[in-house]
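Student: I've got a structure here and I'd like to talk through how its helices pack. Can we go through it step by step?

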Amino acid sequence: MNSLPQQMAVQFLDELLFISNYNDYISRFDSEFYSLHEEYDQKIFLSIVAAKVEEQRKEHEKKCTDPVCPSDLGYLKVNSHFQYLMKQLGIPQEDQFSSENINTIVEQFDNLVKAYEAMGQEVETLKRELNDLKDHFFLGKTRWRQFSKGKFGEMVASGLVSEAIAKPMVDFFNESISQLGY
């Protein structure tokens, strides 16, 4: 189950997938953003929307041939607004996940859960903890990686997850995630 800020981000992106009028986009974004009263929820919402908008900007840049494209200014203004909010919330900008990074990690998590389900393992606790990790991508690559390793260490120490389940995840962090460039 997705958290409220995740659900809101998905709904916002469904309704306003592309930036046509950047002032309207920012206004509607701010309305949703400030309706979340918890800073943690704001960080999740902002991170999800900002990653998707950056992905859209890159796709637009590949296709656009207009040297004075009005959409370029829209993306610049919206991204500038997002960067300002990230700075205000203390989100590290230098090592943020790209949407491709996030999709790769989420796919790996899903594959791990499916593999354990196929072996007949109980995976509800694992699913819950992986969903919690998904909520923390806003921490940035370095801090998220540290957070996730600590989370699995706690899960093993508390007996919530066996070492047999946690070991492939630790291996995943040491091998697969390092291939993403950090």
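Student: Is the crossing in which α3 passes α4 left-handed or right-handed?
Tutor: Before we start, keep in mind that this is a predicted model. The two helices to look at are α3 (residues 39-63) and α4 (residues 70-89). Put α3 over α4 and the crossing comes out left-handed.

Student: Which way do α3 and α4 run relative to each other, roughly parallel or roughly antiparallel?
Tutor: Their axes come within 10 Å and cross at roughly 155 degrees. Angles over 145 degrees get the antiparallel label. That makes the α3 and α4 pair roughly antiparallel.

Student: How many charged residues does the contact of α3 with α4 have?
Tutor: On the α3 side, the contact includes Glu39, Lys43, Glu54 and Arg57. Asp72 is one of the α4 residues that take part. By class, the contact has 10 nonpolar and 5 polar residues, and the charged ones number 5.

Student: What about α2 and α4, are they roughly parallel or roughly antiparallel?
Tutor: Helix α2 (residues 22-35) packs on α4 at an angle of about 25 degrees, with the axes 9 Å apart. The cut-off for the parallel label is under 35 degrees. So α2 and α4 are roughly parallel.

Student: Which class do 11 residues of the contact of α2 with α4 belong to?
Tutor: From α2 the contact draws on residues including Tyr25, Ile26, Phe29 and Phe33. From α4 it takes Leu73, Val78, Phe82 and Leu85, among them. There are 2 polar and 2 charged residues in this contact, and the 11 are nonpolar.

Student: Where does α1 pack on α3, meaning which α3 residues make the contact?
Tutor: The axes of α1 and α3 come within 8 Å and cross at roughly 35 degrees, and this crossing is right-handed. On the α1 side, the contact uses Pro5, Gln6, Met8, Ala9, Phe12 and Leu13. Their partners on α3 are Asp41, Ile44, Phe45, Ile48, Val49 and Lys52.

Student: Phe12 also has an aromatic partner, Tyr25; what is the geometry of that pair?
Tutor: The structure holds 8 aromatic pairs, so there's company for this one. Phe12 lies in α1 and Tyr25 in α2, so the pair ties together parts that are 13 residues apart in sequence. The ring centres are 5.3 Å apart and the planes sit at 70 degrees, so the pair is edge-to-face.

Student: Which element has the highest mean pLDDT?
Tutor: The protein chain averages a pLDDT of 80, and 90% of the residues score at least 70. Among the elements, helix α8 (residues 163-175) has the lowest mean, 71. At the other end, with a mean of 92, is α2.

How values were computed
Residues are numbered from 1 along each chain as its sequence is written. This is a predicted model: local features need pLDDT of at least 70, side-chain atom pairs count only at pLDDT 80 or more; totals for chains, interfaces and linings use all residues. Side-chain values use heavy atoms; hydrogens and water are left out. Axes are lines fitted to C-alpha atoms, for helices over the stretch in contact, and angles run from 0 to 180 degrees between N-to-C directions. Helices (H or I, at least four residues) and strands (E, at least two) are DSSP runs, numbered from the N terminus. Angles under 35 degrees count as roughly parallel, over 145 as roughly antiparallel, 65 to 115 as roughly perpendicular and the rest as oblique. Contact means heavy atoms within 4.5 Å. Ala, Val, Leu, Ile, Met, Phe, Trp, Tyr, Cys and Pro count as nonpolar, Asp, Glu, Lys and Arg as charged, and the others, Gly among them, as polar. pLDDT is the predictor's confidence in each residue, from 0 to 100. Rings of Phe, Tyr and Trp (its six-membered ring) pair if their centres lie within 6.5 Å; planes under 30 degrees apart count as stacked, over 60 as edge-to-face and the rest as tilted. A crossing is left-handed if the near helix is turned anticlockwise from the far one by less than a right angle, and right-handed if clockwise.
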